[in-house]
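Here is a relaxed walk through one structure, for anyone meeting it here. Have the sequence and the 3D view open as you read.

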Amino acid sequence: MASITKLGKGKQPPRAIDFVDSATGKRNRVRLGVVTYDVAQQASLRIEKLVSAKALNQAIDSETVVWLNGVADDVHERLARFGLCEPRQPVALAPTLSQWLKTLLEQRQHSLKPASLNRLRQTGDRLTTHFGSDRDISTITAADAAAWRASMSAEGLSEATIRLHCRNAKTIFKEAIDQEHISKSPCAKLKSSAIAANRDRYVTPDETAKLLDAAPNMQWRLLIGLARLAGLRIPSESHGLQWGHVDWERRRLRVYAPKTDSTRFVPLVPELYDILSEAFDQAPERATNIITLSTNNLHRDFENIIAKAGLVSWDDLWQTLRRSAETMFAMEHPQHAVSKWIGHSIAVSVNHYLQTPDSLFESASSKPVLRAAESAAVCSGIGSHVVAEGATATEQHLATGQTKTRMMPGLAASCGSMCELDRAGIEPATPGFSVLCSTN
């Protein structure tokens with residue numbers, strides 16, 4: 001049985017718990033330090049439970065487990081020394097930021113596409129630049145993460161780019177939680193939902209013609225045409241195209257998208273069809289790939305073409321052409337079809353791609369709308385029927401169009417405006433009613 005022993009004098013002396021080891025019969029002592037008698041009494045009760053559990057090879061009750069987990073490390077070490085519990089495992093130190101990023105990128109290099117891996121690496125570089133490569137990831141707080149986000153804003157990055165880095169940072173720290181390096185993510189509260197980038201540049205058909213004329217060779221004409229007239233991703237989709245992917249008869253182009261690992265079909269507008277036909281005639285006999293340009297320096301060379309065409313360069317050179325292509329399609333065709341041709345959902349189209357070029361304003365403001373007098377004249381023809389001899393009162397009423405009192409939306413589409421409906425309605429008269437319209 002355990003007993004409480006005072007190790008000194010005074011009202012609050014150091015105390016210890018003495019107990020006898022049932023296996024060896026030896027008397028052991030666990031020092032508690034300076035504690036009250038009530039605390040020592042509780043400790044004595046728990047130590048008795050531990051001694052009994054060891055002697056009878058039984059599991060420790062839940063209350064004793066909770067007490068054992070909460071005692072100080074030095075007391076726990078003394079209990080473990082006497083075999084009353086298992087030694088505590090040393091807490092593994094969390095890795096530094098650079099160590100964790102290196103480990104994570106190595107783990108993800110086979111599961112992520114190269115572009116996604118590169119974006120994750122770019123976010124990691126921003127984190128290490130701000131916090132330092134030797135910063136323990138467990139010491140980064142929510143306030144630190146908020147300061148990191150604010151620093152990107154002060155740097156002048158767009159909100160869309162900042163949110164992209166915040167999403168990547170959440171991925172980095174969530175993986176650290178999953179692998180039990182940290183208990184919570186400092187980036188959990190950062191705003192990171194995707195928003196549309198603030199880029200409204202629309203490359204008009206006239207500008208597209210100038211770019212095609214300024215292209216130094218057929219390969220560049222093809223690349224510009226595929227980006228602006230078919231909305232392909234450059235270079236991931238354009239450089240994988242083969243001549244066998246062109247359906248000349250149905251004027252369609254089969255496109256494989258590495259980004260989404262999917263295949264779609266894009267219609268060939270007449271201008272792009274002509275460019276492809278000319279390029280096919282000039283291609284070597286056994287040529288396979290449509291685009292043979294190197295992917296190196298595409299941005300630099302395209303900027304030179306833009307300058308040669310007499311235009312001012314814009315942000316996101318190739319992405320802007322892709323957005324312009326979708327906008328062009330959307331002005332002529334239903335959006336569900338356009339989104340399939342471009343290769344993403346309608347929501348992505350609306351939030352990130354579709355633009356409102358000046359030509360739409362000009363088109364809307366140049367089309368005349370029927371005036372009230374013209375509308376009435378058009379609609380009046382609906383009731384102007386010749387009344388045959390011997391016609392019933394209802395037929396005469398319907399033919400002459402008397403007592404028009406309300407509008408009929410259903411006929412609006414056919415006459416171009418809201419048409420007035422004769423009070424007689426559109427059903428035959430009901431006998432015995434004081435009015436001719438059975439629905440009144």
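Helices α6 and α7 cross in a right-handed way. Keep in mind that this is a predicted model. Helix α6 covers residues 142–155 and helix α7 covers residues 159–178; their axes come within 10 Å and cross at roughly 155 degrees. Angles over 145 degrees count as roughly antiparallel, so α6 is roughly antiparallel to α7.

Which residues of α6 meet α7? On the α6 side they are Trp 148, Arg 149, Met 152 and Ser 153. Facing them in α7 are Glu 159, Ile 162, Arg 163, His 165, Cys 166 and Ala 169. Sorted by character, the residues of this contact split into 5 nonpolar, 2 polar and 3 charged.

Now for the strands. Strands pair through backbone hydrogen bonds, and they can do so in parallel or antiparallel fashion. Here is a quick look at three of the pairings:

| Strand pair | Sense | Bridges |
|---|---|---|
| β1 (residues 3–6) and β2 | antiparallel | 4 bridges |
| β2 and β3 (residues 27–34) | antiparallel | 7 bridges |
| β5 (residues 252–257) and β6 | antiparallel | 6 bridges |

Strand β2 is a good one to look at. Is it largely enclosed or left open by the rest of the structure? Of the 7 residues in β2 (residues 14–20), 5 are buried, so the strand is largely enclosed by the rest of the structure. Toward β1, Ile 17 in β2 is the bridge partner of Ile 4. Toward β3, Arg 15 stands opposite Gly 33. β2 and β3 also form a hairpin, with 6 residues between them. In that turn you'll find Gly 25, which has a positive phi of about 75 degrees.

Further along the chain there's an open sheet of 3 strands, in the order β4-β5-β6, with antiparallel pairing. β4 (246–247) and β6 (262–267) stand at the edges with a single partner strand each, so one side of each has no neighbour in the sheet. If you'd like a specific pair to find, Arg 252 has Pro 267 in β6 as its bridge partner.

One last stop is Gln 282, which sits in helix α10 (residues 270–282). Is Gln 282 buried or exposed? With a relative accessible area of 51%, Gln 282 is exposed, because the cut-off for exposed is over 50%. Its C-alpha atom is separated by 8.7 Å from that of Met 218, although the two residues are 64 residues apart along the chain.

Key. Residues are numbered from 1 along each chain as its sequence is written. This is a predicted model: local features need pLDDT of at least 70, side-chain atom pairs count only at pLDDT 80 or more; totals for chains, interfaces and linings use all residues. Side-chain values use heavy atoms; hydrogens and water are left out. Two strands pair if DSSP finds at least two bridges between them. Helices (H or I, at least four residues) and strands (E, at least two) are DSSP runs, numbered from the N terminus. Axes are lines fitted to C-alpha atoms, for helices over the stretch in contact, and angles run from 0 to 180 degrees between N-to-C directions. Angles under 35 degrees count as roughly parallel, over 145 as roughly antiparallel, 65 to 115 as roughly perpendicular and the rest as oblique. A crossing is left-handed if the near helix is turned anticlockwise from the far one by less than a right angle, and right-handed if clockwise. Contact means heavy atoms within 4.5 Å. Ala, Val, Leu, Ile, Met, Phe, Trp, Tyr, Cys and Pro count as nonpolar, Asp, Glu, Lys and Arg as charged, and the others, Gly among them, as polar. Buried means under 20% relative accessible area, exposed over 50%, partly exposed in between (1.4 Å probe, protein chains only).
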